[in-house]
Amino acid sequence: MSSSKVALVTGGNKGIGFAIVRAMCKDFAGDVYLTARDVGRGTAAVDSLRKEGLTPLFHRLDINDPDSVRSARDFFTEEYGGLDVLVNNAGIAFKMADTTPFGIQADVTLKTNFFATRDMCNVFLPIVKPGGRMVNVSSVMGSVALSRCSPELQARFRSNDITEEELVGLMERFVLDAQEGLHAEQGWPSTAYGVSKTGLTTLTRILARNLTKERPGDEILCNACCPGWVRTDMAGPNATKSPDEGAVTPVYLALLPAGAKEPHGQFVSEKKVQPW
């Protein structure tokens, strides 16, 4: 078993994930795994970073496939005895002009951005080592969507006693409401991407609270962040930041110094804690 520290980045073959891997290779004292669901694209991404003189490693991981998630967990447990840094970056968004019915957009978007990312968290958090870091790449669009929810929904997402079960129920309800064309009258905004990130940031707050309760001495820090508006396939060519600039806040959270107590359970943008 390797005694090296180890970091895992999901959705690492392009965009912000690729830039996070690049920065982690430079600044993290340990092995950095670029993971992706497509082996060809993932290994090509690793090869291109190796041409820059960096040494990422590749492991196939499709966050939407529970078997793939558990097989990756077993790999990191066997090879490293766990994980030091987990960056949940993989995510999807429909384009604004996409004519796919909203109910389908809601189902597909939440499947990856909320439910699959939640599975990653729940499968991997138990193997995150003391002093570990978990970073969920969320979005300011989750905050915007939150502000457009009904007062009742806002109160639940912001509350300090919402449970993971309650949150899952709310996310499932949004998908059902969207499929029935009732989401607006039920107090939801018309953005599946936004609601998926509202859910992810809320989940991060819940997981952090649970860590504080259940593993108080382990000093694991768990945060959500917004990378900003980044030029990627998702956001398009007009965005204001390069992928490397978008990686700054996620990497800052992934590399919070040993012994740091905060941020924890926060939503962070431009390296600053944002109100939720």
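# A tour that starts at Cys222

Select Cys222 to begin: its relative accessibility is 0%, so this residue counts as buried (buried is under 20% relative accessible area, exposed is over 50%, partly exposed is in between, with a 1.4 Å probe and protein chains only). Before you move on, know that you are looking at a predicted model, where local features need pLDDT of at least 70, side-chain atom pairs count only at pLDDT 80 or more, and totals for chains, interfaces and linings use all residues. Residues are numbered from 1 along each chain as its sequence is written, and side-chain values use heavy atoms, with hydrogens and water left out.

**The cysteines**

Stay with Cys222 and add Cys121 to the selection. Cys121 holds the cysteine sulfur closest to that of Cys222, but at 6.6 Å the two are too far apart for a bond. A disulfide here is a pair of cysteine sulfur atoms within 2.5 Å, and the structure holds zero of them. Cys25 is in no disulfide either, and its nearest cysteine sulfur, in Cys225, is 18 Å away. Is Cys25 buried or exposed? Its relative accessibility is 18%, so Cys25 counts as buried.

**Zoom out**

Now show the whole chain as a cartoon. You should find 10 helices and eight strands; these are DSSP runs, numbered from the N terminus, with helices (H or I) of at least four residues and strands (E) of at least two. Along the principal axes, the C-alpha atoms fill a box of roughly 55 × 40 × 35 Å. The radius of gyration is 18 Å, which agrees with the value near 19 Å for a compact globule of 276 residues; the radius is taken over C-alpha atoms, and the globule rule is 2.2 Å times the number of residues to the power 0.38.

Buried residues make up 51% of the 276 in the chain. Switch on a surface and you are viewing about 12200 Å² of exposed area, 52% of it supplied by carbon and sulfur atoms (areas come from the Shrake-Rupley method with a 1.4 Å probe, and for residues only the protein chains shown count as cover).

How far apart in sequence are the residues that touch? Take contacts between residues at least 6 apart in sequence: 72% of them join residues at least 24 apart. Contact means heavy atoms within 4.5 Å.

**Gly132 and its neighbours**

Next, pick Gly132 in strand S5, which covers residues 128-137. Gly132 is buried because its relative accessibility is 0%. Leaving aside residues up to four places away in sequence, Gly132 touches Asp84, Glu219, Ile220 and Leu221. Asp218 is worth a click too: its C-alpha is 8.1 Å from that of Gly132, although they are 86 residues apart along the chain.

**Unusual backbone spots**

Most residues other than glycine have a negative phi, and most peptide bonds are trans. Here are three places to compare with that.

- Glu219, one of the residues touching Gly132, has a positive phi near 55 degrees. Look for Glu219 in the loop between helix H8 (192-214) and strand S6 (221-226); with a relative accessible area of 34%, Glu219 is partly exposed.
- Lys271 has a positive phi near 65 degrees. Find Lys271 in the loop between S7 and strand S8 (272-274); its relative accessible area of 45% makes Lys271 partly exposed.
- Pro263 is joined to Glu262 by a cis peptide bond, with omega about 0 degrees. Pro263 lies in the loop between helix H10 (248-254) and strand S7 (267-269).
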